[in-house]
Amino acid sequence: MAIMSVAAARRAEAIGRTVTVRGWVRTRRDAKGFSFLELNDGSSQGNLQVIADQSLSNYADEIASLATGSSISVEGEVVASGGGKQPTELKATRVVVYGGADPETYPLQKKRHTYEKLREWAHLRPRTNTFGGVMRVRNRLARSIHDFFQEDGFLYVNTPIITSSDCEGAGAMFRVTTLDLDKPPRVEGKIDASRDFFGKPTFLTVSGQLEAEIFACSLGKVYTFGPTFRAENSNTSRHLAEFWMIEPEMAFYDLNDNMELAERFLKRLIGDALRDCAEDMQFFDQWVEKGQIELLQGIVDKPFIRLPYTEAIGILESCGRTFEYPVSWGMDLQSEHERYLTETHFQAPVILHDYPRSLKPFYMYCNDDGRTVRAMDVLVPKVGEIIGGSQREDRLDVLEARMKEQGLEPADYWWYLDLRRYGSVPHAGFGLGFERIVQFVTGMGNIRDVIPCPRTPGSAEF
Ligand code: 4AD
Ligand code: MG
């Protein structure tokens, strides 16, 4: 007998077919002589209504007492629904019960729990409407990311997770070691990293960019899509210690090309989610963030604002608002400033570019003004920074000088410098935080609720 998903069995085309559907019981309602079971298998936001008649052999023993959370398989005919919102229902001819769920202890009963509470049950929360929807949107976005780049001639490259170089220079890296932490080998009082597994200090990567540049400078247009790790102690609704990043890197691109690509990319991702996750997006619009669909549609339809950092400072200084962090040229914009620009002043995504060089990592292209670099950050309402990128410094002498300025040893980056020594080209790229785009599309307020297993300071359950 054909096995069918709940999503497929809910469509009118399924009417008249005899199928098996398998999943978890959301609710059971009893009427005279039969029961309604709401069944969900993760394939759609909506449930399939199953009608189980008392003539079924295990009705009295099993079906009539089925609890929320139980797993079952149902054979039967898909029929036109007698009423209600969905076009179909399943008239059961056989119900097999796999596993029960004690209502005294199973946490996901009818009551709506807070997201904080659900984080404690991260292993069960995908069975809720919200997290099922988040995971389906996340999946759609991942697929669109590959589609977008593949259709545009980009090559997918996998950059290392264990690395000895610090790309962002922020020092927020997790150390990777096999040394005995209770008695590490020492020379002159310091830990002897030459006796570690790789013969030198190694870390979990904060970004695949430096390695992606190798492949852009040989294959043209590439992108990475992988996990990255940051040991910064920031307990915010937008930071994770382990998150996924998409990093395109393109030879012969300048900052304008980079901005154009970033805008086209984000619009494609949002447009695909609106079209292909319509039911889930309706759910988010209704239950998570009112007006979410309209906000996203507006972003797809309107051009992004492009604004030099220096002009942004001017706007913030003269806007009449008092910020917690006072504004002056050279400062790192805080989330309150970014959000003012994108949510209040422009009410649109803003690509801020040409930041002060003192704020940005060594690899960004230095402008002739001596004060700024060709950096760009894409800011969106509610989330703030969603993309960070730049044109890369492709001049050997300038790059070496910048490294020294930032206290880096050029010899440690000899291979990176070689890319400027042999056939150097202008190139550019950016990083999109995957969880930030999932957050932005779903409207979820906390980044911990858009990743399967959130890792944050003090928390890494299973
Ligand atoms: O701005 P970032 O630090 O840029 C880079 O790492 C560059 N190497 C990217 C490149 O040019 N190839 O990080 C890029 C994006 C941010 O805009 C943000 O969306 C996300 O990664 N991000 C985080 N997401 C979740 N938790 C964190 N702790 C994040 N830190 C950055
Ligand atoms: Mg950044």
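The questions and answers below walk through a predicted model, beginning with its conventions and its domains.

Visitor: What kind of model is this, and how are its residues numbered?
Guide: This is a predicted model, in which local features need pLDDT of at least 70 and side-chain atom pairs count only at pLDDT 80 or more, while totals for chains, interfaces and linings use all residues; side-chain values use heavy atoms, with hydrogens and water left out. Chains are lettered from A and ligands numbered from 1 in the order in which they are written, and residues are numbered from 1 along each chain as its sequence is written.

Visitor: Which three residues supply 72% of the area that domain 1 buries against domain 2?
Guide: The domain bounds, which come from an automatic or database domain assignment, give domain 1 as 2-99 and domain 2 as 126-155 + 233-449. Between them the two domains bury about 670 Å², 28% of it on carbon and sulfur atoms, where buried area is the accessible area (1.4 Å probe) that two parts lose on being put together, summed over both. On the side of domain 1, the three residues that supply more than any other three are Trp 24, Arg 26 and Gln 45.

Visitor: How many bridges join strand E14 to strand E19?
Guide: Strands (E, at least two residues) and helices (H or I, at least four) are DSSP runs, numbered from the N terminus, and two strands pair if DSSP finds at least two bridges between them. Strand E14 (residues 242-251) pairs with E13 (residues 221-229) in the antiparallel sense over nine bridges, with Thr 224 opposite Glu 247. E14 also runs antiparallel to E19 (residues 427-433), where Ile 246 stands opposite Leu 432, and the number of bridges joining E14 to E19 is five.

Visitor: How many residues of helix H12 are buried?
Guide: Buried means under 20% relative accessible area, with over 50% called exposed and the range in between partly exposed (1.4 Å probe, protein chains only). Helix H12 covers residues 434-442, and its buried residues include Phe 434, Arg 436 and Phe 440. The helix is mostly covered, and the count of buried residues is nine of nine.

Visitor: At what angle do the axes of helices H6 and H7 cross?
Guide: Met 281, Gln 282 and Asp 285 in H6 meet Gln 292, Ile 293, Glu 294 and Leu 296 in H7, contact being heavy atoms within 4.5 Å. Axes are lines fitted to C-alpha atoms, for helices over the stretch in contact, and angles run from 0 to 180 degrees between N-to-C directions. The axes of H6 and H7 come within 8 Å, and they cross at roughly 120 degrees.
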